[in-house]
Amino acid sequence: MSYRITIKAGGSEKDYWKDLWRNRQLLWILAKRDISVRYKQTLLGIAWSVIRPLMTMLVMAVVFSFIARLPGDPGIPYPLMILGGLTIWTFFSNAFGQVSNSVLINSNLVSKVYFPRLFMPLSAVSVSFIDFLISLVLFICLSFYYNYPPSINIIFLPFFIVLTFITSMGFGLFFAVINVRFRDIAQLVPFIIQVGMYICPIAYSSRLVEGKWFYKFYIMNPVVGIVDGFKWCLLGDNAYFDPNSLYSTLIISILALLLSVMYFRKKENTFVDNI
Amino acid sequence: MHVISAENISKKYIIDHQRSRKSSSLKDAFSNTFEQLFSREKKDSDFKEKEEFWALKDVSFTIDQGDRIGIVGHNGAGKSTLLKILSRITDPTTGQVTIDGRVASLLEVGTGFHPELTGRENIFLNGAILGMDKSEIKRSFDAIVDFAGVEKFLDTPVKRYSSGMYVRLGFAIAAHLEPEIMIIDEVLAVGDAEFQKKCLGKMRDVSESGRTLLFVSHNLTAIQALCNKSFFFEKGQLIDQGETTHIVTTYLSRVSQKRLERSWEDVNSAPGNDQVRVKSFRILPEYVDNLIHIDVRTPMQVQFEFWNMVDQARLNLSLHLYSYTGECIFNVGTSSQPFDKGLITGALEIPGHFLNDGSYVISIMVVKDTSSVIYNMEEALTFDVEDYRENVSWYGKWPGYIRPQLNFSLRQTENVVND
């Protein structure tokens with residue numbers, strides 16, 4: 001195998017993706033590092049990755065079903081509706097938040113060694129994906145407990161997971177690049193996530209918004225389609241899902257991913273000058 | 001066959017005098033844009049405060065397979081920038097480099113070590129970051145552990161390692177890489193003498209196995225021992241290349257011209273006050289071996305001249321010699337004597353085989369009546385003492401502030417006769 005490379009201004013490799021593939025083991029190792037580091041020096045260790053989402057779910061279920069009772073979808077156990085939205089939202093917001101921080105927290109690597117820079121956001125996404133899988137299993141257990149097992153729609157679940165991946169990467173990558181130069185992003189992202197939780201159908205059903213004058217703006221938010229679609233997969237046709245909301249998800253997210261990957265590639269070889 | 005060929009590579013940085021780059025924020029970027037939109041004068045003044053800085057300028061070279069290249073130059077000459085470009089950490093601003101072969105670059109020992117992970121986990125992590133695949137790491141795992149001497153601590157998080165163990169493990173991993181081209185930046189600055197020796201031995205193995213080596217170091221002895229060719233960088237330019245011995249001589253002669261002499265012709269503008277004014281300071285080395293740089297063998301004379309402006313002043317001089325890091329190596333004083341107005345000259349002999357290699361700073365005080373300092377010239381002179389060794393096959397930094405030749409002998413006092 002020949003390893004001829006050419007280094008010049010502004011140009012990343014022409015076999016960029018081949019290089020990425022050649023180094024895939026490193027991605028796996030970086031992701032493993034991020035996962036195994038998290039529960040070091042804890043008493044309960046890996047059990048935390050189950051306990052944490054379980055606790056969050058319980059708190060949310062209690063708060064929303066007994067205190068802030070917003071009208072839900074008919075026929076669906078109320079806690080399940082909340083938890084469904086929460087599960088996918090947590091995946092999205094963790095992935096988005098960690099991707100946008102990924103270059104910065106690896107600055108010691110960026111400034112000392114070459115490796116395909118795209119591995120930093122990718123490993124950040126994989127870590128949130130593991131968390132998501134655990135929450136998903138918990139959710140399915142709970143749905144049996146509520147005697148409301150997932151419907152056949154669950155076969156579409158991978159589609160919505162891929163969409164979540166595309167959306168969080170698409171937006172996260174932009175912020176990851178800007179974050180290198182302007183640390184304001186680190187302040188802004190938690191705020192965006194907080195606001196996002198209210199403008200997406202997490203604690204309520206999109207049914208509440210349907211027919212309002214701002215509905216067409218509401219469904220332009222790419223995450224709305226994802227959250228509703230995800231709930232529809234797990235909770236069946238009783239869950240509110242407007243397929244029209246997927247247009248914006250598909251268009252905006254895919255466009256965002258393409259543009260931000262281009263932007264990332266353009267800037268990745270000069271990260272070290274600004275970090 | 002050329003394994004590396006660089007054509008006119010340059011690297012430009014923008015230095016922002018206006019505010020530090022650290023605090024750059026979106027707000028600044030926005031307000032700058034607004035200022036520039038609305039006020040023309042502001043734009044001009046902003047423009048002046050941004051300065052271009054060429055860390056590398058039009059550097060071209062080729063490196064053949066199996067070459068061992070030493071890179072020398074002062075701090076800020078562009079050595080590290082070059083290594084960063086060759087290891088693909090940053091792009092050149094213009095120009096291009098073609099590299100044939102797998103490159104492993106070691107710009108820091110233990111890059112990417114995670115403090116919470118154990119030694120074992122970090123070997124795999126660091127190995128992967130440096131470009132080894134899992135089977136390669138597995139194959140050399142035992143050799144790495146053995147080289148670093150950390151068997152007992154393999155399952156301890158590296159945050160509990162001593163700094164020596166940390167460095168040893170980091171180097172051991174890098175040393176077992178099998179790249180065609182290896183780039184090493186000043187790693188020998190750390191670690192104890194024994195380990196430095198081990199590292200140099202390993203690097204020699206690397207170079208003898210026909211692989212290409214690029215090595216930046218301030219340790220000229222190590223460069224001379226390891227490298228067949230050298231590059232000399234100054235102010236971002238490759239000003240000389242060739243045989244190592246030749247380059248090292250050129251480099252040293254340039255270094256030593258630093259501030260060996262300072263003088264002022266006009267009494268009124270010379271530094272000082274109404275009691276004394278400085279005319280000159282100089283260091284006069286008695287170079288050995290026809291060299292034109294100071295090394296540990298070179299005796300030298302420090303001379304100073306100053307104008308005394310007050311009649312019948314009882315004066316003496318006090319001289320401090322500091323290491324570059326600020327420790328005082330010694331302080332000597334002359335006897336106190338009465339002087340009339342006029343020029344006074346003093347001289348201090350520093351013998352050869354006395355100072356260790358390193359950078360030194362001289363400060364001079366003029367003292368009146370052995371008690372009050374009437375003038376103190378800090379950092380009056382700076383000079384470097386280079387290393388020199390004979391019949392020693394060890395290249396680590398010689399320890400100690402001074403390196404005197406004392407009467408130290410060894411002889412056989414009894415023979416054991418074997419029958």
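**Contact, sheet, cores and annotation**

Student: In β4(B), which residue is the bridge partner of A:Ile7?
Tutor: This is a predicted model, in which local features need pLDDT of at least 70 and side-chain atom pairs count only at pLDDT 80 or more, while totals for chains, interfaces and linings use all residues. Residues are numbered from 1 along each chain as its sequence is written, chains are lettered from A and ligands numbered from 1 in the order in which they are written. In β4(B), the partner across the bridge from A:Ile7 is B:Val97.

Student: Over how many bridges do β1 of chain A and β4(B) pair?
Tutor: Strands are DSSP runs (E, at least two residues) and helices are too (H or I, at least four), numbered from the N terminus. Two strands pair if DSSP finds at least two bridges between them. Strand β1 (residues 5–8) of chain A runs antiparallel to β4(B), and the bridges between them number four.

Student: Which element gives the largest share of the side of chain B that touches chain A?
Tutor: Contact means C-beta atoms, placed from the backbone, within 7 Å. The contact takes 29 residues from chain A and 38 residues from chain B. On chain B, α1 (26–38), α3 (79–86), β4 (94–99) and α4 (119–129) each supply at least two residues. The largest share, six residues, comes from β4(B).

Student: How many charged residues does that side of chain B have?
Tutor: Ala, Val, Leu, Ile, Met, Phe, Trp, Tyr, Cys and Pro count as nonpolar, Asp, Glu, Lys and Arg as charged, and the others, Gly among them, as polar. The side of chain B that touches chain A has 15 nonpolar and 14 polar residues, and its charged residues number nine.

Student: Which are the edge strands of the open sheet of chain B?
Tutor: Chain B has nine helices and 18 strands. Six strands form an open sheet with mixed pairing, in the order β5-β6-β7-β3-β8-β9. Two of them pair on one side only: β5 (103–106) and β9 (237–243).

Student: In β9(B), which residue is the bridge partner of B:Glu234?
Tutor: Strand β8 (residues 229–234) of chain B pairs with β9(B) in the antiparallel sense, over six bridges. There, B:Glu234 bridges to B:Gln237.

Student: What angle does the direction of α3(B) make with that of β6(B)?
Tutor: Axes are lines fitted to C-alpha atoms, for helices over the stretch in contact, and angles run from 0 to 180 degrees between N-to-C directions. α3(B) packs on the sheet, touching β3 (68–73), β5, β6 (181–185), β7 (212–216) and β8 of chain B, and its angle with β6(B) is about 145°.

Student: Which helix gives the largest share of the largest nonpolar core?
Tutor: A nonpolar core is a set of buried Ala, Val, Leu, Ile, Met, Phe, Trp, Tyr and Cys residues joined through C-beta atoms within 7 Å; buried means 20 or more other C-beta atoms within 10 Å of the residue's own. The largest core has 140 residues, with A:Val227, B:Ile183 and B:Phe215 making the most contacts inside it. Its largest share, 13 residues, comes from residues 78–105 of chain A, helix α4.

Student: Over residues 76–97 of chain A, how far apart are the end C-alpha atoms?
Tutor: UniProt (unreviewed entry) lists residues 76–97 among the "transmembrane region" features of chain A. Its positions are given in the numbering used here, feature names are shortened, and annotations may be inferred rather than shown by experiment. This stretch is 91% helix and 0% strand, and its end C-alpha atoms are separated by 31 Å.

How values were computed. Two residues are in contact if their C-beta atoms, placed from the backbone, lie within 7 Å. A residue is buried if 20 or more other C-beta atoms lie within 10 Å of its own, exposed if 12 or fewer, and partly exposed in between; C-beta atoms are placed from the backbone.
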